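Here is a short note for a colleague opening this entry. Please keep the structure in view while reading the points.

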Amino acid sequence: MPFTIRPYQDADKSHIITLMRAFNEYIESIDTKNRTAYKEGGAEYFTNKMLELCATKQGTIFVACDGDKPIGFISGYVDEQDEDEKMETIPAIPGVLGEFFVLENYRGQKVGKQLLATMENYLREQNCTIIRFPVFAPNTLARTFYEHEGYVERLIYVLKELRETSESDGLHR
């Protein structure tokens, strides 16, 4: 299946919102703790946030198309090390992957690989020396993909739900 990768155009926004909605639904479906619950308008919110980050932080969005149909996208931007990072890591110019999604029926066809390579080249051209980004822990498909592309996990957040307990019975409420 031939596909093309091209820069985002304003006319893509409604398609990106649709893809973002599919991404949100996918993330909800793999959340084993059932804590992810995107609100009405979430796809629009996160699409606008992505566009704003790209506009203000030397960023861009690339769109993968099957003919004229957008089938995936990736966003990235240039960041700065915060004071904590400057105190605890070697100097770097970080590039950040923002959002990245490929429709399920196009996965395994190197669409994601090409989107990622295109973004890596863009961030390299912006003089970034590293690329970093968070990945939802239950998204093992993405984590495996990134590992195959040479990425390593560096910082892992943990979560525990706290519930009230009764002193008399020790049961969760």
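Is R143 buried, exposed or partly exposed? The answer comes in point 5, after the sheet. One caution comes before that: this is a predicted model.

1. The sheet. Start with the strands. Five of them form an open sheet. Their order is β1-β2-β3-β4-β5, and the pairing is mixed. The edge positions belong to β1 (4-7) and β5 (130-132). Each has a single partner strand, so one side of each is left without a neighbour in the sheet. From one strand to the next, the twist averages 30 degrees.

2. One strand pair. Look next at β2 (residues 60-66) and β3 (residues 69-78). These two strands run antiparallel. Seven bridges join them. To find the register, take I61: its bridge partner in β3 is S75.

3. The helix on the sheet. Helix α4 (residues 111-125) packs on the sheet. The helix touches β1, β2, β3, β4 (94-102) and β5. Its direction makes about 160 degrees with that of β4.

4. A buried charged pair. Turn now to the charges. Side chains of opposite charge can pair when their charged atoms come close. In this model the count comes to 10 salt bridges. One of the pairs is D12 with R6, where the closest N and O atoms are 2.7 Å apart. Are these two residues buried or exposed? Both D12 and R6 are buried.

5. The pair at R143. Here is the opening question again. R143 forms a salt bridge with E153, at 2.5 Å from N to O. The pair links distant parts of the chain. R143 lies in helix α5 (140-148), while E153 lies in the segment after α5. They are 10 residues apart. R143 has a relative accessible area of 29%. Buried means under 20% and exposed means over 50%, so R143 counts as partly exposed.

6. The pair at R163. R163 and E161 also meet through their side chains in a salt bridge, at 3.1 Å from N to O. How accessible is each partner? R163 has a relative accessible area of 52%, so R163 is exposed. E161 has 32%, so E161 is partly exposed.

7. A network. Last, check four residues together: K57, D79, E85 and R132. Salt bridges link them in a network.

Terms used: Residues are numbered from 1 along each chain as its sequence is written. This is a predicted model: local features need pLDDT of at least 70, side-chain atom pairs count only at pLDDT 80 or more; totals for chains, interfaces and linings use all residues. Side-chain values use heavy atoms; hydrogens and water are left out. Two strands pair if DSSP finds at least two bridges between them. Helices (H or I, at least four residues) and strands (E, at least two) are DSSP runs, numbered from the N terminus. Axes are lines fitted to C-alpha atoms, for helices over the stretch in contact, and angles run from 0 to 180 degrees between N-to-C directions. Contact means heavy atoms within 4.5 Å. Buried means under 20% relative accessible area, exposed over 50%, partly exposed in between (1.4 Å probe, protein chains only).
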